[in-house]
Amino acid sequence: MARYYDVHPENPQPRIIGQVADLIRGGGLVAYPTDSCYALGIQLGNQDGLDRIRQIRHLDDRHHFTLVCRDFAQLGQFVQISNSVFRLVKASTPGSYTFILPATREVPRRMLHPKKRTVGVRVPRHTVTQALLAELAEPLVSSTLVLPGDDEPMTQGWEIKERLDHQLDAVLDAGDCGKEPTTVIDLSGPEPEILRRGAGDVSRFE
């Protein structure tokens, strides 16, 4: 059964954040809030966790997992950012964007797109997410919590606990955080490509 943590959305309790971070470091899979709906998260390098996320969401090996980073500096350790896209990414973080970029050697191969060798990265605004990332001192490997057959992401922690109780190790509930996912921009090619229109404004990429 998944542990259930009720955390304050603006002033998350350090004790709870610490417990969830320890669980993640121990190989746990957690559902947690972001500024663009709930997500599934694991520690970088957790291969079993990747398989569990793929099983829950019915994903194939072409799915772009996302590295959720604390800030722009951390993001830069895991992706290659050319001069031409530096300002675009910098101006859009933190925010409701996921960027697809060429990965550095810091990213495990199983996380990469098999042909492009790219990975998704984002820097969220959500206070609880930021607290968790600060406690972990490393990115979270994440995927939006949309279940097979559902049209929209899950938005209620109690419902996540109810439906995925035996597939998760913990649910971090900070209340409703919306159901509009991030805007996904592929910056790995010569021109920005909008892969998904979501919460982030796309005007600067068109």
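**A colleague's note on helix packing, cores and two buried residues**

1. Let's start with a pair of helices. Helix α1 (residues 14–25) packs against helix α5 (residues 127–136) at an angle of about 60 degrees, and their axes are 9 Å apart. That angle makes α1 oblique to α5. The crossing of α1 past α5 is right-handed. Please keep in mind throughout that this is a predicted model.

2. Which residues make the contact between α1 and α5? From α1 come Ile17, Gly18, Val20, Ala21, Ile24 and Arg25, while α5 brings Val128, Ala131, Leu132, Glu135 and Leu136. Sorted by class, the contact of α1 with α5 has eight nonpolar residues, one polar residue and two charged residues.

3. Now for the interior. The largest nonpolar core has 42 residues, and those touching the most other members are Leu67, Phe99, Met111, Val119, Leu145, Ile160 and Leu168. At least two residues of this core are supplied by each of β3 (38–43), α2 (47–57), α3 (72–75), α4 (83–91), β5 (97–102) and β6 (118–122). A second core, separate from this one, has 20 residues, including Ile17, Ala21, Ile24 and Leu140. You will recognise Ile17, Ala21 and Ile24 from the contact of α1 with α5.

4. Met111 is worth a look on your screen. Not counting residues up to four places away in sequence, Met111 touches Leu44, Leu50, Phe65, Leu67, Thr118, Val119 and Val141. Among these partners, Leu67 and Val119 are also listed with Met111 as residues that touch the most other members of the largest core.

5. Next, Val146, which sits in the loop between β7 (140–144) and α6 (157–163). Is Val146 buried or exposed? Its relative accessibility is 18%, so Val146 counts as buried, the cut-off being under 20%. Arg57 is 89 residues away from Val146 along the chain, yet their C-alpha atoms are separated by 6.8 Å. Arg57 is also one of the contacts of Val146, together with Glu152 and Pro153, once neighbours within four places in sequence are left aside.

6. Finally, Phe205 is found in the segment after β10 (193–196). With 4% relative accessibility, Phe205 counts as buried. Where does Phe205 make contact, leaving aside neighbours within four places in sequence? The partners of Phe205 are Leu88, Ser92, Tyr97, Phe99, Ile185 and Pro192. One of them, Phe99, appears in the list of residues touching the most other members of the largest core. Ser142 lies 63 residues from Phe205 along the chain, with 24 Å between the two C-alpha atoms.

Technical notes:
Residues numbered from 1 in each chain as written. Predicted model: local features only at pLDDT ≥ 70, side-chain atom pairs only at ≥ 80, totals over all residues. Heavy atoms only, no water. Axes fitted to C-alpha atoms, helices over the stretch in contact; angles between N-to-C directions. Helix = DSSP H or I, 4+ residues; strand = E, 2+ residues; numbered from the N terminus. Parallel < 35°, antiparallel > 145°, perpendicular 65-115°, else oblique. Left-handed = near helix turned anticlockwise from the far one by under 90°. Contact = heavy atoms within 4.5 Å. Nonpolar A, V, L, I, M, F, W, Y, C, P; charged D, E, K, R; others polar. Core = buried A, V, L, I, M, F, W, Y, C linked by side-chain atoms within 4.5 Å. Buried < 20%, exposed > 50% of the residue type's maximum accessible area, 1.4 Å probe, protein only.
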